[in-house]
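Me: Please take a close look at the ligand site in this model, and then at the local features of the chain that deserve attention.

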Amino acid sequence: MTAPTHPRTSDELIRAEEPVLAHNYHPLPVVVARAEGAWVEDVEGRRYLDMLAGYSALNFGHRHPALVEAAHRQLDRLTLTSRAFHNDRLAGFAERLAALTGQDMVLPMNTGAEAVESGIKLARKWAYDVKGVPADRATIVVAADNFHGRTTTIVSFSTDETARSGFGPFTPGFRIVPYNDLAALEAAVDETTAAVLIEPIQGEAGVLIPDDGYLAGVRELTRRAGCLFVADEIQSGLGRTGRTLAVEHEGVVPDVVLLGKALGGGIVPVSAVVGRREVLGVLHPGEHGSTFGGNPLAAAVGTAVVELLETGAFQRRAAELGEVLRDGLAALVGRGVVGFRSRGLWAGVDVDPALGTGRAVSERLMREGILAKDTHGSTIRLAPPLTITADELTSALASLEKVLVAGA
Ligand SMILES: *Cc1c(COP(=O)(O)O)cnc(C)c1O
């Protein structure tokens, strides 16, 4: 069968996917054809406010002019060398990213899951080379309800049965403790522990924000126990919460920070492991790598992303608009919203299950011109581009109110 060449409608395109595209997603029935800033447009020209922002990969909005320009300039010059050779963009990217995050060294990768995998390998190597853990005995302590990606090793320590079951045998060496529970963490850490790996805010779990003092407690406990604190800031980092990193809300500096999503500006996949020299310094040539990691196009876009964050303007904006978001959601509690958690421009909103699943509410929001995504059960995740205006945010909240209260 040959593929049709005439322009196809949204419905036709959705139907065309079914036989040829793996069914590992259940997207909302919208087919996006173009986008700018906080707005996307579908095949038929309908416009939607993007309240998901690619799970925070689009913190700077769609096609931010400075990022598109950096990509264009680099496309015209050099795109890939592999790490067999040096390229003229990588040093600058690493210097500026390290400075932005208060760390010493950068290991460039591509996707978030790769950054997590790299962080795990790095923590194990550090445990053997520096801490002196006996060979193949290193453990990593993680939190229940985590989301760190989709590789076989990462799903090995997931507690989400849908993400995990059917994909064994699993990688050993992980201990799972409840999130936001320092006593449980303390009990799980021993002389084999290479690292504690956690999300400073659990995004996929529903934007779960730990109690004040938890992150500082993890920092203190890992320091005392002589193991690494690895913070997965792939979703929480790079401006989303009103700070460059979410750990900054507690004044904490982890040993290793994992970055991804927004680091690629919504243009190319860019991830990185950033950390102290004592940790990243354990890697030697041949022990780890990536064909595309640190490619000049990624480095150029990543550098432009870091430049946007260096001014602090996006972080301030996320903090200020975060108050608009919080106040708007607070006004809906008891009126369709049973509870919510937010920090900066990031919220998990638990809607009254009687009004429908998170999926059903997301579909109703879609018909109102708002794109958002449910997470588990009746929770909706809101994470608009940090470039959204106060008026746009207010109108999105009005649509949510309409959907929940008027049952639109
Ligand atoms: C998205 C995400 C990942 C995985 O990133 P991918 O680019 O999808 O592989 C890992 N950790 C967290 C916290 C994430 O939100």
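Reply: The residues around the ligand, counted as near when one of their heavy atoms lies within 4 Å of it, are Thr111, Gly112, Ala113, Phe147, His148, Gly149, Glu199, Asp232, Ile234, Gln235 and Lys261. This is a predicted model, in which local features need pLDDT of at least 70 and side-chain atom pairs count only at pLDDT 80 or more, while totals for chains, interfaces and linings use all residues. Residues are numbered from 1 along each chain as its sequence is written, and side-chain values use heavy atoms, with hydrogens and water left out.

The shell divides into 3 nonpolar, 5 polar and 3 charged residues, where Ala, Val, Leu, Ile, Met, Phe, Trp, Tyr, Cys and Pro count as nonpolar, Asp, Glu, Lys and Arg as charged, and the others, Gly among them, as polar. Among the polar contacts (pairs of N or O atoms within 3.5 Å), a polar side-chain atom of Gln235 lies 2.7 Å from an oxygen atom of the ligand, and a backbone N or O atom of Gly112 is found 2.8 Å from a ligand oxygen atom. A polar backbone atom of Phe147, in turn, is 3.4 Å from a nitrogen atom of the ligand. Taken alone the ligand exposes 380 Å², of which the protein buries 80%, the areas coming from the Shrake-Rupley method with a 1.4 Å probe.

Turning to the aromatic residues, the structure holds 3 aromatic pairs (ring centres within 6.5 Å, with the six-membered ring used for Trp). One of them joins Phe60 and Phe314, whose ring centres are 5.0 Å apart and whose planes stand at 90 degrees, so the pair is edge-to-face, a term for planes over 60 degrees apart. This pair links distant parts of the chain, 254 residues apart, with Phe60 in the loop between α2 (53-56) and α3 (65-75) and Phe314 in helix α12 (residues 313-330); helices are DSSP runs (H or I) of at least four residues, and strands (E) of at least two. Both Phe60 and Phe314 are buried, that is, under 20% relative accessible area with a 1.4 Å probe and protein chains only.

The backbone also has some less common geometry, since most residues other than glycine have a negative phi, and most peptide bonds are trans. Ser56, in helix α2, has a positive phi of about 80 degrees and is buried, with a relative accessible area of 1%. The peptide bond from Gly168 to Pro169 is cis, with omega near 0 degrees.

Technical notes. A polar contact is a pair of N or O atoms within 3.5 Å; within protein, one must be able to donate a hydrogen and the other to accept it, and residues adjacent in sequence count only if both atoms are side-chain atoms. Rings of Phe, Tyr and Trp (its six-membered ring) pair if their centres lie within 6.5 Å; planes under 30 degrees apart count as stacked, over 60 as edge-to-face and the rest as tilted. Buried means under 20% relative accessible area, exposed over 50%, partly exposed in between (1.4 Å probe, protein chains only).
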